[in-house]
Amino acid sequence: MTITNGAGVYERQEDWTFRSVFEDWIADKKLSRRKLAWLESEFRNSMWVLDRENCLSPKVAPSWMRDELDAKHLIFEIQCVADLLDFLKPKKAGISREQEIFDFLDSRGYL
């Protein structure tokens, strides 16, 4: 069985990471709908895992991620992802994803 990429697809979704998708955004200042949906889904999954697995801690964000967002106050990669999602796809109601993850991390003692 041969796996054929769709038009304009040069990488497999299985290979995507927060950092690789973030780098794609830096390069073009936009993301495809597919990558944006993946980012939202993985953000939710990561929050769920952090909530369920007490032994896990979030990954510290590299400085280039924080610099690109002009957000020196962010510490973790998942906070940068939340900020990027809020920028690209703002929620229509309720608190922002950045505030949501801040509250979550604060309640767990990470901040």
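Which residues are linked in a network of salt bridges? In this predicted model, the answer is E40, R44, D86, K91, R97 and E100.

## Inside the network

Let's start with R97 and D86. These two form a salt bridge, and their closest N and O atoms are 3.0 Å apart. R97 sits in helix α5, which covers residues 97–107, while D86 belongs to helix α4, so the bridge ties together parts that are 11 residues apart in sequence. Are the two partners buried or exposed? R97 counts as buried because its relative accessibility is 3%. D86, with 15% relative accessibility, also falls under the 20% cut-off and so counts as buried.

K91 and E100 are members of the network too. Their side chains meet in a salt bridge with an N to O distance of 3.4 Å. K91 has a relative accessibility of 35%, so this lysine counts as partly exposed.

## A salt bridge elsewhere

Searching the whole structure turns up 12 salt bridges. One of them pairs the side chains of K29 and E68, at 2.3 Å from N to O. K29 is in the loop between α1 (18–28) and α2 (33–52), and E68 is in helix α3 (residues 63–69), so this pair ties together parts that are 39 residues apart in sequence.

As for exposure, K29 is partly exposed, having a relative accessible area of 42%. E68 counts as partly exposed as well, with a relative accessibility of 32%.

## The buried face of α5

Back to α5, the helix that holds R97. Which of its residues are buried? They are R97, I101, F104 and L105. Looking down the helix axis, these buried residues of α5 fall within an arc of 95°, so they line one face of the helix. There's a general point behind this: an α-helix has 3.6 residues a turn, so residues three or four places apart point the same way.

What covers the buried residues of α5? The cover includes α2 and α4. Just after α5 comes G109, which takes a positive phi of about 85°.

## Q79, a buried glutamine

Helix α4 (residues 77–88) is also home to Q79. Q79 counts as buried because its relative accessibility is 3%. So what does Q79 touch, leaving out residues up to four places away in sequence? Its contacts are L74, I101, F102, L105 and L111. I101 and L105 have come up already, as buried residues of α5.

Note on methods. Residues numbered from 1 in each chain as written. Predicted model: local features only at pLDDT ≥ 70, side-chain atom pairs only at ≥ 80, totals over all residues. Heavy atoms only, no water. Helix = DSSP H or I, 4+ residues; strand = E, 2+ residues; numbered from the N terminus. Buried < 20%, exposed > 50% of the residue type's maximum accessible area, 1.4 Å probe, protein only. Contact = heavy atoms within 4.5 Å. Salt bridge = Lys/Arg side-chain N within 4 Å of Asp/Glu carboxyl O. Arc of directions from axis to C-beta.
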